[in-house]
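Student: I would like to go through this model with you. Could we begin with the helices and then turn to pockets and rings?

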Amino acid sequence: MKKLRVPIYVTVDDNYVKFLRITLQSIVDHKSAKNIYEIYVIHTGLSKENKKILKGFNKDNVQIRFVNVSFKLANVSTNFDVRDYYSLTTYYRLFLPELFPFEDKGLYIDCDIVLCEDIANLYKIDIGGNLLGAVADQSVQLYPEFSEYVEKIIGVKKEEYFNAGVLVMNLKAMRFFMLENKAMKLLSHISFKVAQDQDVLNVLCKGRVHFIDG
């Protein structure tokens with residue numbers, strides 16, 4: 001039987017490699033011999049030491065690959081706002097559809113996520129013709145100030161605002177939709193200071209999200 005290939009994308013800089021190690025270990029701990037896990041580490045420059053650490057997670061059916069996106073940032077004509085503990089890496093997920101033009105589907109996960117089961121189960125979810133599969137952001141529904149922000153500023157119902165930390169991405173549909181181009185245009189004249197690229201994705205993908213049970 002042919003093994004299921006699961007493309008997984010993570011974005012990281014040297015400061016967050018220590019957290020990514022935990023994420024990768026949780027993937028390895030719950031992997032299945034029936035699948036092949038291709039993990040793409042998206043970055044703009046990692047130290048040799050950190051690359052060596054991450055390469056240590058290469059297993060028989062787990063492949064770690066590095067993709068430097070410095071050239072993408074060089075071609076962007078907008079400034080990316082960051083705040084608090086956010087870094088520029090949070091925006092790299094916007095590049096994924098164009099970075100991987102031959103992929104139809106893939107998973108994005110933040111580098112501080114811990115998996116409690118085989119990540120392939122997430123990949124197998126059918127999101128139809130939607131751009132994304134995602135989990136509703138519960139904090140937005142719990143706190144009135146967040147609810148007001150997403151409904152009045154982002155223009156999304158609080159129940160339909162999703163967290164972008166774990167995404168099933170319909171990369172083929174996103175390319176057809178020209179998501180990266182639209183995101184860069186949006187960021188060139190609007191500054192999203194609360195949730196950065198998560199807000200951008202909620203604006204652009206509104207009405208085309210398959211919601212996954214959290």
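Student: Which elements do the buried residues of α10 pack against?

Tutor: Please note that this is a predicted model. The buried residues of α10 pack against α7 (144-154), β6, α8 (171-177) and α9 (179-189).

Student: And how many residues of α10 are buried?

Tutor: Helix α10 spans residues 196-204, and 8 of its 9 residues are buried, which leaves the helix mostly covered. Among the buried ones are Gln 196, Asp 197, Val 200, Leu 201 and Leu 204.

Student: Turning to pockets, what volume does the second largest pocket have?

Tutor: Its volume is about 430 Å³. The lining comprises 17 residues, and those closest to the pocket centre are Leu 115, Leu 122, Val 135, Val 166 and Asp 213.

Student: Which element gives the most to that lining?

Tutor: Strand β6 does, with 3 residues. The elements that contribute two or more residues are α5 (120-123) and β6 (162-169). β6 is also one of the elements that the buried residues of α10 pack against.

Student: How do the lining residues divide by character, nonpolar, polar and charged?

Tutor: The lining of the second largest pocket has 10 nonpolar, 4 polar and 3 charged residues.

Student: Now the rings: how many aromatic pairs are there?

Tutor: The count is 5 aromatic pairs. One aromatic cluster is formed by Tyr 9, Tyr 40 and Phe 100.

Student: Which ring does Lys 182 lie over?

Tutor: Lys 182 lies over the face of Phe 177, 3.6 Å from the ring centre. Lys 105 lies over the face of Tyr 123, at 4.9 Å from the centre of that ring.

Note on methods:
Residues are numbered from 1 along each chain as its sequence is written. This is a predicted model: local features need pLDDT of at least 70, side-chain atom pairs count only at pLDDT 80 or more; totals for chains, interfaces and linings use all residues. Side-chain values use heavy atoms; hydrogens and water are left out. Rings of Phe, Tyr and Trp (its six-membered ring) pair if their centres lie within 6.5 Å; planes under 30 degrees apart count as stacked, over 60 as edge-to-face and the rest as tilted. A charge sits over a ring if NZ of Lys or CZ of Arg is within 6 Å of the ring centre and within 35 degrees of the ring normal. On a 1 Å grid over the protein atoms alone, a cavity is a set of points where a 1.4 Å probe fits but cannot get out, and a pocket is an open set with protein on both sides within 12 Å along at least five of seven lines; lining residues have an atom within 4 Å of a point. Grid points are joined across faces, edges and corners, and a volume is the space filled by probe spheres set on the points. Helices (H or I, at least four residues) and strands (E, at least two) are DSSP runs, numbered from the N terminus. Ala, Val, Leu, Ile, Met, Phe, Trp, Tyr, Cys and Pro count as nonpolar, Asp, Glu, Lys and Arg as charged, and the others, Gly among them, as polar. Buried means under 20% relative accessible area, exposed over 50%, partly exposed in between (1.4 Å probe, protein chains only). Contact means heavy atoms within 4.5 Å.
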